[in-house]
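Open the model in your viewer and keep the selection panel at hand. The stops below say what to pick and what is there.

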Amino acid sequence: MARKKDSGGGGGYNWMDTYGDLVTLLLCFFVLLFAMSSIDAAKFQELAASFSGAIMPIARPIDPGPANLKDVVQPPDEAAGNPGFTPKPTPIVEATDQPSFTPSRTPSPEDLQREAVDVQFNRLYSELLQYVATHDMESYVGVGKNGNQITLTFTDSVFFDLGKAELKPESVEVIEGMIPFFEAYQDIIETIRVEGHTDNLPIHTSTFKNNRWLSYFRAGNVLEYIQANSVIAPEKLAADGRGEYQPVDTNETPEGRARNRRVEFVIIETLDATVRANPATFQGVTTPGPSPRPMSIGNVPTPETTAPPTAATTPKGE
């Protein structure tokens, strides 16, 4: 007997398994969409924090709000005719209660005192600027500030004649004008250093064998006059001769060499908060400028071995 040929139908209903799986997946998909569209903001934040570790505060999501203007502004008759009508609140972004910054530490008494000293040091700088401007001294005096250092730069001709280290009589008035500032603020001053500078033209006399010697004597004579005519603590005063080795301009032109020949008062602010009195009580020098006080000594001479240059030893530089 011949065997019937297999038609290959295979039951006929296997496709329903695949169809059922597809419908189930679509149902789950739309359920997720619905759940995400009505998610609770607080629960969403907690869920996000659990994934991210909640290190930084997370802003709550913004409600996307209504799709059109009609949903925002309901007509009066619609609101009146609908007992269950509830106006929609304006969406806002709410931050978490966790602070987003770390409060700075409370300043210590040393910090407050340091700040008070800085204020007074800046005030000294401002008063020196005002004094120089009021007395029309800008042509031969420069005032600069760099951090905790104020520098007064004088052209050498203000204090000295060419090749000499003795103070000129008219230079006394300039020094006398600076002394009251140094005295008024000496409690916040660590050091007042007088520096002598020259150009690079060689000098060799019976008095000064080189430019560094000349700059040393000049700085020392200025310092000695300040110490003898002020109440500034001697330990705060210092002198240094830099010679030709710290120029501020070229030595190739007469103008540049004139700028390099200078005397500088370098005022350094104290960094030790324990040596100061009460900086808040300082008044500074508020007058337009003190009158020169009578000199108690004449021009400060160089040592006995120093003599004015003779014609045979006239210096070639300064």
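Start with helices α6 and α7, whose crossing is right-handed. The coordinates come from a predicted model. To bring the pair up, select residues 171-184 for α6 and residues 211-228 for α7; their axes are 11 Å apart and the packing angle is about 55 degrees. The two helices are therefore oblique to each other, since an angle counts as roughly parallel only under 35 degrees and as roughly perpendicular from 65 to 115.

Show side chains at this contact. From α6, pick Val172, Ile175, Glu176 and Ile179; they meet Val222, Tyr225 and Ile226 of α7. Sorted by class, the contact holds six nonpolar residues, one charged residue and no polar ones. The spacing of such positions on a helix has a simple background: an α-helix has 3.6 residues a turn, so residues three or four places apart point the same way.

Stay on α6 and colour by accessibility. How many of its 14 residues are buried? Eleven are, and the helix is mostly covered. The buried set consists of Ser171, Val172, Val174, Ile175, Glu176, Gly177, Met178, Ile179, Pro180, Phe181 and Phe182. The cover over these residues includes α5, β2, β3, α7 and β5.

Next, select the sheet. Five strands make it up, in the order β1-β2-β5-β3-β4; it is open and its pairing is mixed. The edges are β1 (141-146) and β4 (237-243), each of which pairs on one side only. From one strand to the next, the twist averages 20 degrees.

Zoom in on β3, residues 189-197. Its pairing with β5 (residues 262-269) is antiparallel and runs over eight bridges, while its pairing with β4 is parallel and runs over six bridges. Glycine 196 is a useful marker for both: it stands opposite valine 263 in β5, and its bridge partner in β4 is glycine 241.

Now bring the helices back over the sheet. α6 packs on it, touching β2, β3 and β5, and the direction of α6 makes about 170 degrees with that of β2. Add α5, residues 109-134: this helix lies across β1, β2 (149-155), β3 and β5, and runs at about 160 degrees to β1.

Within α5, select leucine 128. Is leucine 128 buried or exposed? Its relative accessible area is 1%, and the cut-off for buried is under 20%, so leucine 128 is buried. Leaving out residues up to four places away in sequence, leucine 128 touches Val143, Ile150, Leu152, Met178, Phe181 and Ile267. Draw a distance from leucine 128 to methionine 178: the C-alpha atoms are separated by 8.4 Å, with the two positions 50 residues apart along the chain.

Finish on β4, an edge strand. β4 is mostly covered, with five of its seven residues buried. Select arginine 242, which is found in this strand. Arginine 242 counts as buried because its relative accessibility is 18%, and the limit is 20%. Which residues does arginine 242 touch, not counting residues up to four places away in sequence? They are Arg193, Glu195, Gly196, His197, Arg212 and Ser215. Gly196 in that list is the glycine that served as the marker, with glycine 241 as its partner in β4.

Technical notes. Residues numbered from 1 in each chain as written. Predicted model: local features only at pLDDT ≥ 70, side-chain atom pairs only at ≥ 80, totals over all residues. Heavy atoms only, no water. Axes fitted to C-alpha atoms, helices over the stretch in contact; angles between N-to-C directions. Helix = DSSP H or I, 4+ residues; strand = E, 2+ residues; numbered from the N terminus. Parallel < 35°, antiparallel > 145°, perpendicular 65-115°, else oblique. Left-handed = near helix turned anticlockwise from the far one by under 90°. Contact = heavy atoms within 4.5 Å. Nonpolar A, V, L, I, M, F, W, Y, C, P; charged D, E, K, R; others polar. Pairing = 2+ DSSP bridges. Buried < 20%, exposed > 50% of the residue type's maximum accessible area, 1.4 Å probe, protein only.
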